[in-house]
Amino acid sequence: MYTIEENKPLLGLNSFRIAATARRFVGFCGGDDLKAFFADLPAGEPWYVLGGGNNVLPTGDYDGTILHPLCRDIAVERREGDTVSVRVGAGVEWDDFVAWAVQRGLGGVENLSAIPGYAGAAPVQNIGAYGAEAKDTVECVECYLPDERRIVSLSAEACRFGYRDSVFKRELRGRAVILSVVFRLSSRPRFALRYGDVASRVRELGGESLENIRRAVTDIRQEKLPDPAVLGNAGSFFKNPVVSCALAEKLAREYPGMPCYEAGDGLSKLAAGWLIDRCGWKGRREGAVGVHERQALVLVNYGGASGADVLALAGKIRSDVRERFGVSIDMEVNLL
Ligand code: EPU
């Protein structure tokens, strides 16, 4: 049975540490809980799925029902040769799953170590870091579709993954509740060490292994990114912009050394952090909010900020970047 709480404070449920409340807060585990919940839901009642709250910005009190996944099961579903399919409940802490896999010698998600959030959110924004993305290992996503009152299993192809993008941010936005995700791991992992200084860190730690990659990535993240337990933030606030190669080449001529990555289809990906940094925003503070001193992609709450304070800062940064570089940067964080 699902659980209900009224007027639930969300302060401890969003990593930005913004004070807000939700009129109703419902914990669910399996598909039966969701069937019962949606059968009881009054018509027109808004709902929103909040996992670990690591990628959301509350913009006020939520006058509806927050759905919070509680299923924390991790289970091997199938073994075929070196491939091991593992079903992970939507309420599992992502990094607990990565630790589980690494301890068992199963590769595929080690480069995604230390990303805060729940496993159920991983396919939504196709989490990615250090040369890996969730889409590389997702086999299928089981979700409940309230409009159709049924559970479906979507293949990786049906999830239509892109950079920080999936069907759950498009056609299925607000129309699907993820119950579990099946990841395809390998008992004979191939290590991905091309990104940044992961390879040199791994060498210093004694060579290629799942444990050493996990350690190296965790160390790099801890050095670069603020700990939400200490300083409210939601990781990258903006996505890296994808622009035409022509614009990227023009900017690269003007700004030698500007990071720029091939994105296929005549497109290039720029580094939003670099663009924001060059506009002089890194480390700047405006009242209760600011731009992190070591990573300009991350906006932080020094304490007591509202969602509106964060949005006002984000707006100034966006217009500076647009004015100086002619590039639009979009938010990665979801507004609640
Ligand atoms: N840069 C700067 N100044 C800054 C930040 C970055 O000049 O303040 C430059 C860096 O020197 C580098 C380039 O910009 O040349 C890219 O920076 P970085 O390698 O730190 O990665 P990113 O593009 O800023 C992305 C993800 C991160 C992920 C890292 C590592 C997005 C929006 N962010 O950041 O994801 O950890 O790559 O793979 O794609 C997250 O989503 O919350 C997150 C932290």
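User: Which residue of β5 does Val49 stand opposite?

Analyst: This is a predicted model, in which local features need pLDDT of at least 70, side-chain atom pairs count only at pLDDT 80 or more, and totals for chains, interfaces and linings use all residues. Residues are numbered from 1 along each chain as its sequence is written, and side-chain values use heavy atoms, with hydrogens and water left out. Strand β3 is joined by three bridges to β5 (residues 62–69), and the two run parallel. Within this pair, the residue of β5 that faces Val49 is Leu67.

User: Which strands are at the edges of the sheet β1-β2-β5-β3?

Analyst: Strands here are DSSP runs of E with at least two residues, numbered from the N terminus, and two of them pair if DSSP finds at least two bridges between them. The four strands make an open sheet with mixed pairing, and neighbouring strands are turned by 30 degrees against each other on average, direction ignored. Pairing on one side only is what marks the edge strands, which are β1 (3–9) and β3 (47–49).

User: Why is one side of β14 and of β15 left without a neighbour in the sheet?

Analyst: Three strands form an open antiparallel sheet in the order β14-β16-β15, with a twist that averages 40 degrees from one strand to the next. Because β14 (242–244) and β15 (260–262) stand at the edges, one side of each is left free, and each has a single partner strand.

User: Which residue of β16 stands opposite Glu262?

Analyst: Strand β15 is joined to β16 (residues 267–270) by three bridges, and these two strands run antiparallel. Opposite Glu262, the residue in β16 is Ser268.

User: What angle does the direction of helix α5 make with that of β14?

Analyst: Helix α5 (residues 245–254; a helix is a DSSP run of H or I with at least four residues) packs on the sheet and touches β14, β15 and β16, where contact means heavy atoms within 4.5 Å. Axes are lines fitted to C-alpha atoms, for helices over the stretch in contact, and angles run from 0 to 180 degrees between N-to-C directions. On that scale, the angle with β14 is about 90 degrees.

User: Which residues of domain 1 lose the most area to domain 3?

Analyst: An automatic or database assignment gives domain 1 (3–69), domain 2 (74–223) and domain 3 (232–335), and eleven residues of domain 1 are in contact with 16 of domain 3. Between these two, the buried area (the accessible area, with a 1.4 Å probe, lost when both parts are put together, summed over both) is about 1100 Å², with 57% from carbon and sulfur atoms. Together giving 58% of what the domain 1 side buries, the residues that lose the most are Phe16, Asn55 and Leu57.
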